[in-house]
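Please explain how this protein is put together, starting from its sheet and moving on to the side chains. A careful account in running paragraphs would be welcome.

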Amino acid sequence: MKKQNRKHSSVLRQLKIKALDAAQPFDYEFKKNEDLDKNFVLKIGIVGFGNFGQFLAKTLVKQGHTVLAHSRTDHGEIAKKMGVSFFKDADDFCEEHPEVILLCSSIIATESVLRSFPTQRLKRNTLFADVLSVKEFPRNLFLQVLPPEFDILCTHPMFGPESGKAGWSGLPFVYEKVRVGKGARAERCYRFLNIFAKEGCRMVEMSCAEHDRHAAESQFITHTVGRMLAKLNLESTPINTKGYETLLRIVENTSGDSFDLYYGLFMYNKNATEQLERLERAFDALKKQLVGQLHQILRKQLFEGSSSVQSSQNISALADMQNSHPSGNSSGEQKIKELTDVVKEVK
């Protein structure tokens, strides 16, 4: 009996030792993953800690990156709550030697911000990136102003605090590696882009020139239409269609952005003027189509026995439409005059 107890005790001791060994938390694989995570951590300095800069900073901090911020406006309290180190003085900010400078200033302020920035206090291999909604402008500015030793990455997250509030998964992130060195520099650029890839962004590598062509056709048109609709003071109704609700969402998404952003989309994208002219021509063409259709109906009413009262009313409606948008359409005005004279003769 004693022999059996000793044997049973020995088995328990063996099992206990194995259990302790299996419970060790710092195994080889864990250490490797921990080292890998540390290698992917970046020291990122955000210049322009406004609405969009704060929006990006939340995700950067969440991923474990060290985030610094500098802005003309004192956002120290907000930064502290977010776990971001805020520097009111640009020199102090640069002396922290961030690996990446992320420019989040407004489009119209970018040039003055960059030209006054103390780049001489940064490491000579610093990576400069921007998130502006136009791309050829910052690309050319970076190449002109920054020292040749600096790396340059132009990016555009095609989303913002409103459209990206539920997450970035599936949202496009456009970038061009304008000037990126090899070795450790290329690795740093990859780690920065991986921030957005990890959040599920659809990564699109594209030249700045191509981006601006597409952006003028999409983003600028969307902002223009949204601001036009906002001036109509549209309101939700008890009988909203899905299409109307889409229009209301466009107004909501675009009206939340400053007019400076919209002006920047126009002023700093050479393709925007053409799109604005196309939009105006399209509206005029559509209006002429409506007027032409009404002209045919009026002629049919006049010469197939409809009442002159009804014809007069339709002509008045046509005149009102024409007068509401006086674009120098002399042919349309002449048609209205001719039809009015015919109605008078019928009477």
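What follows goes from the sheet to the helix packed on it, and then to the aromatic residues and a single threonine.

The coordinates belong to a predicted model, and every value below should be read with that in mind. At its centre of interest for this account is an open sheet of eight strands, which run in the order β3-β2-β1-β4-β5-β6-β7-β8 with mixed pairing. Strands of a sheet pair through backbone hydrogen bonds, in either the parallel or the antiparallel sense. The edges are taken by β3 (85-87) and β8 (202-205), each of which has a single partner strand, so that one side of each is left without a neighbour in the sheet. From one strand to the next, the twist averages 25°.

At the β8 end, strand β7 (residues 172-179) pairs with β8 in the parallel sense over four bridges, and within this part of the sheet Tyr-175 stands opposite Glu-205 of β8. Helix α8 (residues 184-198) packs on the sheet, where it touches β1 (43-47), β4 (100-103), β5 (127-130), β6 (151-157), β7 and β8; the direction of helix α8 makes about 10° with that of β6.

Turning to the aromatic side chains, a search of the whole structure finds 18 aromatic pairs. One of them joins Phe-137 and Tyr-268 in a tilted arrangement, with 4.5 Å from centre to centre and 40° between the planes. Because Phe-137 lies in helix α7 (residues 136-145) and Tyr-268 in the loop between α11 (259-267) and α12 (272-303), this pair ties together parts that are 131 residues apart in sequence. Phe-137 is buried, with a relative accessible area of 16%, whereas Tyr-268, at 24%, is partly exposed.

Another pair, formed by Phe-259 and Tyr-262, is edge-to-face, with 5.8 Å between the centres and 65° between the planes. These two residues are three apart in helix α11, and so they are separated by about one helical turn. Tyr-262 counts as buried, its relative accessibility being 13%.

Aromatic residues also gather in a cluster, which is made up of Phe-52, Phe-55, Phe-159, Trp-168, Phe-173, Phe-192 and Phe-196. Trp-168 from this cluster leads on to Thr-59, a residue of helix α3 (residues 51-62). Leaving aside neighbours within four places in sequence, Thr-59 is in contact with Trp-168 and Glu-199. Is Thr-59 buried or exposed? Thr-59 has a relative accessible area of 9%, and it therefore counts as buried, since the cut-off for that class is under 20%.

Note on methods: Residues numbered from 1 in each chain as written. Predicted model: local features only at pLDDT ≥ 70, side-chain atom pairs only at ≥ 80, totals over all residues. Heavy atoms only, no water. Buried < 20%, exposed > 50% of the residue type's maximum accessible area, 1.4 Å probe, protein only. Contact = heavy atoms within 4.5 Å. Phe/Tyr/Trp six-rings, centres within 6.5 Å; stacked < 30°, edge-to-face > 60°. Pairing = 2+ DSSP bridges. Axes fitted to C-alpha atoms, helices over the stretch in contact; angles between N-to-C directions.
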